[in-house]
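Trainee: I am new to this structure and would like a close look at one part rather than a tour of everything. Please take me slowly through the strand pairing and what packs beside it.

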Amino acid sequence: MILDVKGINKSFSGKQILHDVSFTVTSGKAMGFLGRNGAGKTTTIRTLMDVFKADSGEFILDGKPFVPNHYRVGYLPEERGLYGKEKILDQLIYFATLRGANHKQAKESAEYWIERFELTYAKNQKLETLSKGNQQKIQIAQALLNDPEIVILDEPFSGLDPVNSQILKDVIVELIEKGKLVIFSSHQMNYVEEFCDEITLIDKGKVILSGNLK
């Protein structure tokens, strides 16, 4: 799959936030979307996910307008939104079924990712009882339910210690090797350099450079 982001503009209350943002992402490669806090990364991702409507521009996937609901998309938003007072396993099953899995498939997918992130001991605990780092791992797990074709991770390493960061790095490398289309947003260059073939650097809502990392 090839995703082309073409000339995206977005304004809020008369202030333009995104200025003709354009870049390309290809399956089997991770694109690191880099920029300082407030540079426009999250706004770009939210327009891609149709949370916000772009003022102009388009998202094209394999030559056709990209409609997120038509694909299996795993999306980790920057601002977290799971349910603190619900049990971890129950809510991951719930999110998986919302995306079309039957209960058996949802339970298998939820349990796989809980185990992968080394949280099997806590699967029947409420989310709010976990540390911030472990809550973040569950947030990431919900993005990976049901084997998504497209994975969009907005600041996924936030709150993770070095051990858990390595677990996530291994997962991202596997997604790339499986041919997924991966967009990884961060303001931390060191993570991006480890597994991204392509980068796009955005500043003040404008793409400064985009292309092969080397």
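Mentor: Strands S1 and S2 run antiparallel and are joined by eight bridges, where two strands count as paired if DSSP finds at least two bridges between them. The model is a predicted one, in which local features need pLDDT of at least 70 and side-chain atom pairs count only at pLDDT 80 or more, while totals for chains, interfaces and linings use all residues. Residues are numbered from 1 along each chain as its sequence is written, and side-chain values use heavy atoms, with hydrogens and water left out. The names of the elements follow DSSP runs numbered from the N terminus, with helices being H or I runs of at least four residues and strands being E runs of at least two.

Within this pairing, Ser11 has Gln16 of S2 as its bridge partner. The hairpin of S1 and S2 has two residues between the strands, and there Ser13 takes a positive phi near 50°.

Strand S1 (residues 2-12) also pairs with strand S4 (residues 56-61), again in the antiparallel sense, over five bridges, and Val5 stands opposite Phe59 in S4. These pairings belong to an open sheet of four strands, ordered S2-S1-S4-S5, with antiparallel pairing. Strand S2 (15-26) and strand S5 (64-65) stand at its edges with a single partner strand each, so one side of each has no neighbour in the sheet. Helix H1 (residues 41-48) packs on this sheet and touches S1, S2 and S4, contact meaning heavy atoms within 4.5 Å. The direction of H1 makes about 70° with that of S2; such angles run from 0 to 180 degrees between N-to-C directions, the axes being lines fitted to C-alpha atoms, for helices over the stretch in contact.

Aromatic rings come into the picture too, since the structure holds eight aromatic pairs. Rings of Phe, Tyr and Trp (its six-membered ring) pair if their centres lie within 6.5 Å, with planes under 30 degrees apart counted as stacked, over 60 as edge-to-face and the rest as tilted. Phe23 and Phe33 have ring centres 5.2 Å apart and planes at 45°, so this pair is tilted. Phe23 lies in strand S2 and Phe33 in strand S3 (residues 30-34), ten residues apart, and the pair links distant parts of the chain.

Strand S3 leads to another open sheet, in which six strands with mixed pairing follow the order S6-S7-S8-S3-S9-S10. Its edges are strand S6 (73-76) and strand S10 (206-212), each with a single partner strand, so one side of each is left without a neighbour in the sheet. From one strand to the next, the twist averages 10°. S3 pairs with strand S8 (residues 181-186) in the parallel sense over five bridges, and Gly32 has Phe184 of S8 as its bridge partner.

Against this sheet, helix H4 lies across S6 and strand S7 (150-154), running at about 160° to S6. Helix H4 (residues 132-144) also packs with helix H5 (residues 162-177), at an angle of about 10° and with their axes 11 Å apart. H4 is therefore roughly parallel to H5, a label given to angles under 35 degrees, with over 145 called roughly antiparallel, 65 to 115 roughly perpendicular and the rest oblique. In this contact, Asn134, Lys137, Ile140 and Leu144 of H4 meet Asn164, Leu168, Val171 and Leu175 of H5.
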